[in-house]
Amino acid sequence: MPAGPSFPRPRIGISRCIELDHCRYNGDSIGSEFVRRLRDHVELVPVCPEVSIGLGVPRDPIRIVLRGKERHLVQPSTGRDVTSSMVSFTNDFLDRLGEVDGFILKSRSPSCGAYDVRIYPDKANSAPLDRGSGMFGKRVLERLQGIPVEDEARLRNIKLGEHFLTRAFTLRGFRELAESGGVADLVDFHTRNKYLLMMYSQKELKYLGNVVANRSGLSVKDLILDYRSHLRNALSKPPRCTSPVNVLMHCLGYFSEQMRPQEKEFFLQSLQMYKDARIPLSVCLSLMRSYIIRFGSDYLASQTFFQPFPEGILEVGITDSCDWREMS
Ligand code: SF4
């Protein structure tokens with residue numbers, strides 16, 4: 001098994017105040033260990049919508065206020081309503097953005113927030129009425145459907161971080177082949193990702209296998225469009241904690257004749273301990289990788305399931321256990 005496959009660099013949009021610039025309203029930036037570890041492996045596309053619409057640094061804070069049924073972005077200290085500036089900047093930015101493989105937004109910001117932004121009844125009240133997306137974040141979520149979009153707070157959850165990275169690096173790999181590849185490259189991509197897809201969705205794996213077989217004689221362009229749509233679908237939700245066990249059982253089938261009974265029993269016990277949340281998945285993955293090295297299987301060695309993104313971005317620990325992986 002190769003020690004470290006090379007990965008094409010995903011293009012990731014990011015709120016600029018996360019690790020990159022002191023552009024928050026008070027001149028601060030936000031620290032993120034995830035982004036610190038990620039930045040050497042990706043091309044970041046930073047954006048600060050509030051600075052881009054001319055609010056400056058430092059600036060008085062803005063908030064989302066409900067007027068009737070409409071959400072407005074206002075600056076309580078000045079009474080300024082910047083909704084139309086923000087809408088037009090956002091549309092223009094997203095029109096010019098080009099292809100990205102993921103987006104990391106600043107949590108809880110009235111502009112960039114993805115999920116947990118306070119929405120107020122007016123500019124003075126300190127109690128929020130509701131929570132939702134920021135004005136820029138909402139459009140990012142709407143326009144980038146099928147692409148991983150997360151905020152930096154949620155990416156502290158190792159399961160969500162792993163899911164984000166798997167999607168971003170897999171979609172980047174596919175984008176590379178879509179730009180320059182032919183049918184042989186599509187077959188190769190599908191072959192290398194077979195067990196990763198099996199972990200995510202057996203249904204989509206089957207569909208994608210039929211796309212690659214191309215029994216209807218579609219053009220390469222149509223094949224790639226169909227494959228991309230179902231690949232995005234396959235990766236849309238995190239896999240269940242038992243799904244990697246199913247994949248590892250398939251892998252075990254390659255070597256079960258060559259293994260000593262005690263060794264096979266030890267591996268099966270390890271899988272059960274993972275299911276019981278007593279050891280992390282990485283223990284079972286390491287065992288399987290050692291069998292691949294010892295018994296030899298180029299096919300399994302090439303599977304992205306074992307390493308869908310570069311090592312060292314996530315700190316994988318005991319929290320990688322089965323019950324933990326079903327959280328949120
Ligand atoms: S949250 Fe968005 S708008 Fe606010 S400082 Fe960060 S990048 Fe700029």
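These legends go with several views of a predicted model.

**View 1. The whole protein, with its helices and strands.**
Start by getting your bearings: there are 14 helices and nine strands to find here. If you boxed in the C-alpha atoms along the principal axes, you'd need roughly 75 × 50 × 35 Å. The protein runs to 328 residues, and 36% of them count as buried. Now take the contacts between residues at least 6 apart in sequence: 69% of these link residues at least 24 apart.

**View 2. The shell around the ligand.**
Here we zoom in on the ligand, which has 13 residues around it. C17, C48, K106, S109 and C112 are the closest ones. Which helix gives the most to this shell? That's helix 2, residues 49-52, which supplies three residues. Sorted by class, the shell is a mix of six nonpolar, four charged and three polar residues.

**View 3. Helix 9 from end to end.**
Helix 9 covers residues 220-234, so you can count 15 residues along the helix. From the first C-alpha to the last, helix 9 reaches 20 Å, close to the 21 Å expected at 1.5 Å a residue.

**View 4. The buried side of helix 9.**
Look for I224, Y227, L231 and A234, which are buried in helix 9. Why do they end up on the same side of the helix? Because they cover an arc of only 90° around the axis.

**View 5. What helix 9 packs against.**
The buried residues of helix 9 pack against helix 5 (158-180) and helix 6 (183-192). They also pack against helix 7 (194-200) and helix 8 (202-213).

Terms used
Residues are numbered from 1 along each chain as its sequence is written. This is a predicted model: local features need pLDDT of at least 70, side-chain atom pairs count only at pLDDT 80 or more; totals for chains, interfaces and linings use all residues. A residue is near a molecule or strand if its C-beta atom, placed from the backbone, lies within 6 Å of it. Helices (H or I, at least four residues) and strands (E, at least two) are DSSP runs, numbered from the N terminus. Ala, Val, Leu, Ile, Met, Phe, Trp, Tyr, Cys and Pro count as nonpolar, Asp, Glu, Lys and Arg as charged, and the others, Gly among them, as polar. A residue is buried if 20 or more other C-beta atoms lie within 10 Å of its own, exposed if 12 or fewer, and partly exposed in between; C-beta atoms are placed from the backbone. Two residues are in contact if their C-beta atoms, placed from the backbone, lie within 7 Å. The expected span of a helix is 1.5 Å times one less than its number of residues. The arc is that of the directions from the helix axis to the C-beta atoms.
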